[in-house]
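Please open the model in your viewer and keep the selection tool at hand. The stops below each begin with something to select, followed by what is to be found there.

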Amino acid sequence: MKTYAETEILDVIVIGSGAGGAPLAARLAQAGKSVLVLEAGPSFSPSRYTSDEIEAREIYWLHERLSGGRNPQPFGGNNSGTGVGGSLLHYGAFLPRPHAGDFRLHTETGRSVDWPFSYEELLPYIEEVEAFIGVSGPSNYPWDPTRRYAYAPPPANPAAMKMREACDAVGIRHADGPTALITRDFNQPHFGTRKACANCGACHQGCRNGAKSGADNTWLPLAVAHGAEIRSGCHVHTIETNQAGRVTGVVYTRNGENVRQRCERLVLSAGAVETARLLLHNELANSSGQVGENYMTHISTQIWGEIDEEVRPNRGYPSLTITEDMMRPKDADFAGGYLIQSLGMMPITWASNIARGSKRRGADLVRTLAGYNRSIGMGIHGDCMPSPENRVVLSDEKDALGLPKPLITHSYGPNELAMHAHASRLLTRMWEAIGAKDLRLLDRAAHMMGTARMGTESGSAVVTPYGQSFDIDNLWISDHSTFPSATAANPALTIMALSLRTADAMLKN
Ligand SMILES: Cc1cc2nc3c(=O)[nH]c(=O)nc-3n(C[C@H](O)[C@H](O)[C@H](O)COP(=O)(O)OP(=O)(O)OC[C@H]3O[C@@H](n4cnc5c(N)ncnc54)[C@H](O)[C@@H]3O)c2cc1C
Ligand code: SF4
C-alpha cells in the first residue's frame, strides 16, 4: 500500500472506511486522486475472526454513547462497528433494495419527507454496487421480477423455513432475501480468493471466508490498488479551516500523538453519530441548525417463540427469508411500510435482547433462556420519519480523548407506534399460526440514520443532494447521516450507492 507523508497536502481525506467511505475512496483513487482514509479502528485479517461473541467485540464501536428519550437505544455492537471496513465488518449482510415509494413518501401520504431525487436516479448505482460486491438472491424476486442476482441464495436455516410456513399460513408471499454474500468461490480483483459462504452463521462476528461482501474485501482493496492509503488507528478530533472558512486539514490522535494532515477536500464518513459529533464539536457546517437533528432508526420489532423441535438459532446464515408484502399494507393506519425477515442469533446477543426487550426477570427469564435451542425468531425493519424530537447533541461528559461524549435522544412518534402495533399483531398471528408457544415480542430499534440530512435548500439541510456541505464547499458527507428519512430497507446498499454518486459529483465538481 502506498503511504503519504504527513507533510503532503492530499486531494481527499476520508474519515471512516465503511459503507459510506470505502466506495467513494475507491472511485476517487481510480480517477487518479491522492486519497487517504483515516480510520479510528484497527485493521483486521479475516483469519482473526472467531464466532466467539465475546472476542468479536473488538469489531464493535464501544466508545460510550449516552442514550435518552422515550425509546432509548442501546449502543455498542448493536449499532456500529469499527476497524478497516467499518460496520460492514459485523453487519448481517441482508441487502434489500430500498422501496421506490419510500423516496416520495411525502408526495404519497403528506407525511414524512421526500428524498431530493428519485429511486430511479439511484438505481444504476444500486446495480453497480450489487454487481461489484457480489449479492445472492432468488432467480425470481416476487416484488420485482426484473431484478437479477449473480449468486444463488445460501441454504435456508430452520428459522427461515419456519417463517415460510408462517407466511403460507396467513397468506403472505415470501422469498429468499437478497444477501451480500457469495455462494461460489470468486477471485476478487486486488483481494484474492473469496470462498463461498460456509453457512456458519457468524456474520455478526466477522466472516473468516471472505464470503460476506464487506468493504474490507471489495472497495478498499480496489482503492489501495489505485494508490489510496488506508491509515488505521487514527481517531480524528479536529477539522481545521482557514479564514475563508474552507477546510484545510484534520488533526487525529494515533498512539497518543496528535498528527496533522492537510487536504484539498474532506469527506466525513464516520457514521450518523460520529459525523454529527465531529461537526458539532468543531462548530462547522451548521448554518441550517440541522447538524445532529432528525436522528432516525428502523423500527425493529422482533418476535421469538418456542417450538418442540431443536432449531439451534446460531446455525446457518441468520436472516434468509423476507417478505415485502407489508411495504404498503391495505389495513395500515400509518404511512410507509416494513419488511419482515427471519432471524437467527448467537446465544449472548439473543439472551441480551430477550432480557432487555421481554422485561422477563428471575426464574422466568432463566426458563426462557433455557429454551434457546428451540427458539425461532423473525423481525421487521420499518420506515422511520424525521422528527425534531430525535437528535444527537454533545453531552457535558468527556471521553478518553477529552472529546464530549454524544447524547442521543430517540422517541417513537405516532407513526412509528402505529407501525409497531401493526407489526406486533401480524407477527404474533404468524407464529401462532404454526403453533409456536411462549411468544415474546421485543420492542426494539436498529440502525442509525439522519443527523446531517441532504436537501435542496440550505436553510433546512446540511448537504446538497450530492452530499456537499451548503456552508463549506470542500466538505462532503458520505454515510447514513445524510438520509432524509429512514426508508424500510436495511441501509448498507443505499449508503454504498450514495457513496458512488457523491464520488461522481466530486469528480465533476
Ligand atoms: C449489528 C448490526 C447489523 C447490521 N446488519 C445490517 C444488514 O444486515 N444489512 C444492512 O444493510 N445494514 C446492516 N447494518 C447497518 C449497516 O452496517 C450500517 O448502516 C452501515 O454499515 C453504516 O455505514 P457508514 O459508512 O455510514 O458507517 P460505519 O460503517 O459505521 O463507518 C464509520 C467508520 O468510521 C470510523 N470512525 C468514526 N469516527 C471516527 C473518527 N472520529 N475518526 C476516524 N474514524 C472514525 C469508525 O471506526 C467506522 O469504521 C447493521 C448494523 C449493525 C450494527
Ligand atoms: S454465514 Fe457465510 S457470510 Fe456469514 S460468516 Fe459464515 S461464511 Fe461468512
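In which loop does Lys 359 lie? Select Lys 359 in this predicted model, and the backbone will lead you to the loop between helix H7 (347-358) and helix H8 (362-370). Lys 359 has a phi near 65°, a positive value in a residue other than glycine. That is worth a pause, because most residues other than glycine have a negative phi. Lys 359 counts as exposed because its relative accessible area is 62%, the cut-off for that word being over 50%.

**A second positive phi**

Next, select Ala 93, which is likewise not a glycine and has a positive phi of about 65°. Ala 93 belongs to the loop between strand E3 (66-68) and helix H2 (105-109). Is Ala 93 buried or exposed? With a relative accessible area of 0%, Ala 93 is buried, whereas Lys 359, as you have just seen, is exposed.

**Ligand 1 and its shell**

Now select ligand 1 and display the residues around it, of which there are 40, with Gly 20, Glu 39, Thr 82, Ser 87 and Phe 94 coming nearest. If you colour this shell by class, you will find 16 nonpolar, 21 polar and three charged residues. Strand E8 (235-241), helix H6 (272-282) and helix H10 (492-508) are worth highlighting as well, since each of them supplies at least two residues of the shell.

Which polar atoms approach the oxygen atoms of ligand 1? Begin with Thr 82, where an N or O atom of the side chain is 2.6 Å from an oxygen atom of the ligand. Move on to Ala 19, where it is a backbone N or O atom that lies 3.2 Å from an oxygen atom of ligand 1. Finish with Pro 491, which has a polar backbone atom 3.3 Å from an oxygen atom of ligand 1. If you then switch on a surface, bear in mind that the protein covers 95% of the 1,000 Å² of accessible area that ligand 1 has on its own.

**Helix H6 and a loop before H10**

Stay with helix H6, which contributes to the shell around ligand 1, and select Thr 275, whose place is in this helix. Thr 275 is buried, with a relative accessible area of 0%. Draw a distance from its C-alpha atom to that of Thr 482: the two residues are 207 residues apart in sequence and 9.9 Å apart in space.

From there, go to Ala 488, which lies in the loop between strand E20 (475-477) and H10. Ala 488 counts as buried at 1% relative accessibility. Its C-alpha atom and that of Gly 20 are separated by 18 Å, with their positions 468 residues apart along the chain; Gly 20, you will recall, is among the residues that come nearest to ligand 1.

**Strand E1**

Select Val 12 in strand E1 (residues 9-15). This residue is buried, with a relative accessible area of 1%. Add Glu 264 to the selection, and you will have two residues that are 252 apart in sequence but 6.0 Å apart in space, C-alpha to C-alpha.

**Aromatic residues**

Show the rings of Phe 103, Trp 115, Phe 117, Tyr 119 and Phe 483, which together form one aromatic cluster. Then add Arg 501, which lies over the face of Phe 117, at 3.9 Å from the ring centre. How many aromatic pairs does the model contain, counting rings whose centres lie within 6.5 Å? The count comes to eleven. Phe 334 and Tyr 338 form a tilted pair, 6.3 Å from centre to centre and with 40° between the planes, and both of these residues are buried.

**Two last loops**

Select Asp 325, in the loop between strand E13 (321-323) and strand E14 (338-343). Asp 325 has a relative accessibility of 19% and so counts as buried, the limit being under 20%. Its side chain makes a polar contact with the side chain of Trp 143, at 2.8 Å.

To end the tour, select Gly 171, which is placed in the loop between helix H4 (158-170) and strand E4 (175-176). Gly 171 counts as exposed, at 60% relative accessibility. Between Gly 171 and Arg 148, which are 23 residues apart in sequence, the C-alpha to C-alpha separation is 25 Å.

Terms used:
Residues numbered from 1 in each chain as written. Chains lettered and ligands numbered in written order. Predicted model: local features only at pLDDT ≥ 70, side-chain atom pairs only at ≥ 80, totals over all residues. Heavy atoms only, no water. Phe/Tyr/Trp six-rings, centres within 6.5 Å; stacked < 30°, edge-to-face > 60°. Buried < 20%, exposed > 50% of the residue type's maximum accessible area, 1.4 Å probe, protein only. Lys NZ or Arg CZ within 6 Å of the ring centre and 35° of its normal. Near = heavy atom within 4 Å. Polar contact = N/O pair within 3.5 Å; in protein donor to acceptor, adjacent residues only side chain to side chain. Areas by Shrake-Rupley, 256 points an atom, 1.4 Å probe, with all protein chains shown as cover. Helix = DSSP H or I, 4+ residues; strand = E, 2+ residues; numbered from the N terminus. Nonpolar A, V, L, I, M, F, W, Y, C, P; charged D, E, K, R; others polar.
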